[in-house]
Amino acid sequence: MPSKKALIRRPSPRLAEGLVTHIEREGVDVDRATEQWEAYGEALRTHGWETVEVAPADDCPDSVFVEDTVVMYRNVALIARPGAESRRGETAGVEEAVASLGCSVNWVREPGTLDGGDVLKIGDTVYVGRGGRTNAAGVQQVRAAFEPLGARVVAVPVAKVLHLKSAVTALPDGTVVGHLPNVDAPSLFPRFLPVPEESGAHVVLLGGDKLLMASSAPKTAELLSDLGHEPVLVDIGEFEKLEGCVTCLSVRLRELHA
């Protein structure tokens, strides 16, 4: 049976100091964000996921966005080297967590930079966004880590948003969903479905037809429901003020060895 574990990490008290790049800064209510984070974790658990809480990194404002610190392929964990130097202190606790789960651990090395939010896996195809936070050396190191395991790594330009998965994610059948104004190269994806809202481009596959989505995308939720999916909506409004989305707040580990 595939594993259903999800790494999550409690928001830092300094969350409101988190980085913003493509949007205007807004005030963040840390208490409200913590309530939203707790509800997010509960949504995962309700749908059969075991949440594994990574040790907090209170001095790292963006540490709640745990997806950026590691990329999983099968049971191999590639520890990222974030493109923003201020985020590099986030990786140590995640490395400890994945090692404790029995993952084989590799690392992105200088001069490579890689944010996990730039990596979208669809089957054995691994799309890597080449943009503000992930450089060409980072893409090359993803290839070196995963292609020997059977992955096909495809580099994708990212200029309009923070990360590749800020622009696109994928449905259970592999169809890529994205909000067209934010997608640099939709033709790179064999099947592409445009969605009407920016946050509608972000889905987490919970299993079966269930999709974890932000409540800020009701039109997209209706569209995907009409196509036979079952949206599970969560409010992550405080994290959206920091360019966060539902994918950023967890790392799903589906292929761990028993």
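Guide: Welcome! One idea before we start: two strands pair if DSSP finds at least two bridges between them. Keep in mind, too, that this is a predicted model.

Visitor: How do I read strand pairing, and what is the bridge partner of V71 in β4?

Guide: Strands of a sheet pair through backbone hydrogen bonds, in either a parallel or an antiparallel sense. Here, β3 and strand β4 (residues 76–79) are antiparallel and share four bridges. Within that pairing, V71 has L78 as its bridge partner in β4.

Visitor: In what order do the strands of this sheet stand?

Guide: The order is β3-β4-β5, an open sheet of three strands with mixed pairing. At its edges are β3 (70–73) and β5 (104–107), each pairing on one side only. From one strand to the next, the twist averages 25 degrees.

Visitor: Which helix packs on that sheet?

Guide: Helix α3 does, touching β3, β4 and β5, and its direction makes about 160 degrees with that of β4. You will meet α3 (residues 136–146) again in a right-handed β-α-β unit, where its companions are β7 and β8.

Visitor: Let's look at β7, then. Is it mostly covered or mostly open?

Guide: Strand β7 (residues 125–130) is mostly covered, with five of its six residues buried. It pairs with strand β6 (residues 119–122) in the antiparallel sense over four bridges, and L120 has Y127 as its bridge partner in β7. The two strands form a hairpin with two residues between them, and G123 in the turn shows a positive phi of about 65 degrees.

Visitor: And in which sense do β7 and β8 pair?

Guide: Those two are parallel: β7 and strand β8 (residues 152–157) are joined over six bridges. You can find T125 opposite R152 in β8.

Visitor: How do I read the sides of a helix?

Guide: An α-helix has 3.6 residues a turn, so residues three or four places apart point the same way. Try helix α2 (residues 91–100), where T91, G93, V94, A97 and V98 are buried. These residues lie on the same side of α2 because they cover an arc of only 160 degrees around the axis. The face turned away from that buried side carries the exposed residues E96 and S100.

Visitor: What covers the buried residues of α2?

Guide: The cover includes β1 (5–9), β2 (50–54), β3, β4 and β5. Have a look just after α2 as well, where G102 takes a positive phi of about 90 degrees.

Visitor: How should I read aromatic rings, and how many aromatic pairs are there here?

Guide: A pair of aromatic rings is described by the distance of the centres and the angle of the planes. This structure holds three aromatic pairs. One of them is F65 with F239, an edge-to-face pair at 6.1 Å centre to centre with 80 degrees between the planes. F65 lies in the loop between β2 and β3 and F239 in helix α6 (residues 237–240), so the pair ties together parts that are 174 residues apart in sequence. Both F65 and F239 are buried.

Visitor: What can you tell me about the pair of Y127 and F189?

Guide: That pair is also edge-to-face, with 5.0 Å centre to centre and 65 degrees between the planes. It links distant parts of the chain, 62 residues apart: Y127 is in strand β7, while F189 is in the loop between β10 (176–178) and β11 (192–194). Y127 and F189 are both buried.

How values were computed. Residues numbered from 1 in each chain as written. Predicted model: local features only at pLDDT ≥ 70, side-chain atom pairs only at ≥ 80, totals over all residues. Heavy atoms only, no water. Buried < 20%, exposed > 50% of the residue type's maximum accessible area, 1.4 Å probe, protein only. Right-handed = clockwise from strand over helix to strand, strands pointing away. Axes fitted to C-alpha atoms, helices over the stretch in contact; angles between N-to-C directions. Contact = heavy atoms within 4.5 Å. Arc of directions from axis to C-beta. Phe/Tyr/Trp six-rings, centres within 6.5 Å; stacked < 30°, edge-to-face > 60°.
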